[in-house]
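Let's take a walk through this structure together. Have the sequence and the 3D view at hand, and follow along at your own pace.

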Amino acid sequence: MTSSDPRPAATVQAGQFITLASGQRLHYASAGDRAQPLAIFLHGFPQAWFAWEEQLALSGAQQFCVAPDLRGFNLSDKPTNIKDYRIDRLVNDIAELITGLGYEQADLIAHDWGGAVAWSTAIARPELIRKLMILNAPHPVPFARALATNADQQAASQYMLDLRAPEAEAQLLADDCAALLAKFRSKRDQWLTPAVADRYREAWQQPGAMTGALAYYRASPLVPPTEAHPGAAALTLDPAQFMVKVPTTVLWGMQDRALRPVLMEGLDALVPQLSVETIDDASHWLLHEQPERVAQSIARFLAGESNGR
């Protein structure tokens, strides 16, 4: 728990499951009072619901907070067809999660692949989203543009091609998940204790979980171009079809090696109600590296306040 936060922590209850109208079964954890407005926290790759556990406990003092394992991850169902990981299916999961929990709307707080799903949910189903908070996850239009034309982002995204390769599962799970743990390593990785590493290993080694997680990359057209395939360069995205019409806060760790700052350029034209906050000394894993700063930003967001530009 963040030491300077004065709010009482809510109890986090994991081990809950919901079967959506589509038949997809999601595991989730929750904190807070179900009589309060709903906030949903979406994790990214290669994480699971517990990436949000500390923030869930703090935010549960303000709203009813839910963190699911996305489909394919950890304890949620893991469809085997790549088509089941296309963005429309992922958006549908979030829409049905909101209504399945008995709510008409939710606030979304999301990181990485969870952020990609959250952007698309806000674009496709704005009536379900009160407001949106994104941590280091690109909106699809600037991401497609940068993948097609920006050499820095193309180089930073080469790992995506590796994660689409047939041998990716074996490579990532080898040596007790050494390659996956290496993705977290940096000068700011003090949070990655042996206990945390063991928890991630357990999630990654769930039957089918690594294939499910990698399916997000295999199903997406947003990849850097290669000699054999144009990737994102083959896409023509009409910005008018990707407008975000809900109040949106973007919190960005500026030392992200995979998602470069160019991805925030032109974002205000796509998100009219936009607030941007940056953290200079944080990487892609800002949620773990700067938990107090992230907690402060989430608290302001849930309260409907803004502290960015």
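**A strand on the inside**

A good place to start is strand β5, which covers residues 106–111: six of its six residues are buried, so the strand is largely enclosed by the rest of the structure. Keep in mind as you look that this is a predicted model. The side chains of β5 fall into two sets, with A106, L108 and A110 pointing one way and D107, I109 and H111 pointing the other way. Whichever way they point, all of them are buried.

What are the partners of β5? Strand β3, residues 38–42, pairs with β5 in the parallel sense, over four bridges. To find this pairing in the view, look for L42, which stands opposite A110 of β5. Strand β6, residues 129–135, also pairs with β5 in the parallel sense, here over five bridges. In that pairing, I109 stands opposite M133 of β6.

Now follow the chain onward from β5. Together with helix α3 (residues 112–124) and β6, the strand makes a right-handed β-α-β unit.

Helix α3 holds a residue worth a pause, D112. Most residues other than glycine have a negative phi, and most peptide bonds are trans. D112 is not a glycine, yet its phi is positive, about 55 degrees. Is D112 buried or exposed? Its relative accessible area is 10%, under the 20% limit, so D112 is buried.

A positive phi also turns up at D176, where the value is near 60 degrees. This residue belongs to helix α7, which spans residues 168–182. With a relative accessibility of 43%, between the limits of 20% and 50%, D176 counts as partly exposed.

The peptide bond between F45 and P46 deserves a look as well: it is cis, with omega at about 0 degrees. You will find P46 in the loop between β3 and α1.

**Open spaces**

Next, turn to the pockets. Rolling a probe the size of a water molecule over the atoms shows where empty space is left. The largest pocket holds about 940 Å³ of space. Its lining is made up of 43 residues, and those nearest its centre are W113, A116, P138, F143 and M160. Which helix gives the largest share of this lining? That is α3, with seven residues. Helices that each supply at least two residues include α2 (87–100), α4 (140–149), α6 (158–164) and α9 (209–219). Sorted by class, the lining of the largest pocket has 29 nonpolar, six polar and eight charged residues.

The second largest pocket has a volume of about 270 Å³. It is lined by 13 residues, and F50, A51, E54, V196 and H288 are the closest to its centre. Helices α1 (53–59), α8 (194–204) and α11 (286–289) each give at least two residues to this lining. Here the classes come to eight nonpolar, two polar and three charged residues.

**A last stop in α12**

Finish the tour at S297, in helix α12, which covers residues 291–302. At a relative accessibility of 1%, under the 20% limit, S297 counts as buried. Its side chain makes a polar contact with the side chain of R300, at 3.2 Å.

Methods. Residues numbered from 1 in each chain as written. Predicted model: local features only at pLDDT ≥ 70, side-chain atom pairs only at ≥ 80, totals over all residues. Heavy atoms only, no water. Buried < 20%, exposed > 50% of the residue type's maximum accessible area, 1.4 Å probe, protein only. Pairing = 2+ DSSP bridges. Right-handed = clockwise from strand over helix to strand, strands pointing away. 1 Å grid on protein atoms, 1.4 Å probe; cavity = no way out; pocket = protein on both sides within 12 Å on 5 of 7 lines; lining within 4 Å. Points joined across faces, edges and corners; volume = space filled by probe spheres on them. Nonpolar A, V, L, I, M, F, W, Y, C, P; charged D, E, K, R; others polar. Polar contact = N/O pair within 3.5 Å; in protein donor to acceptor, adjacent residues only side chain to side chain.
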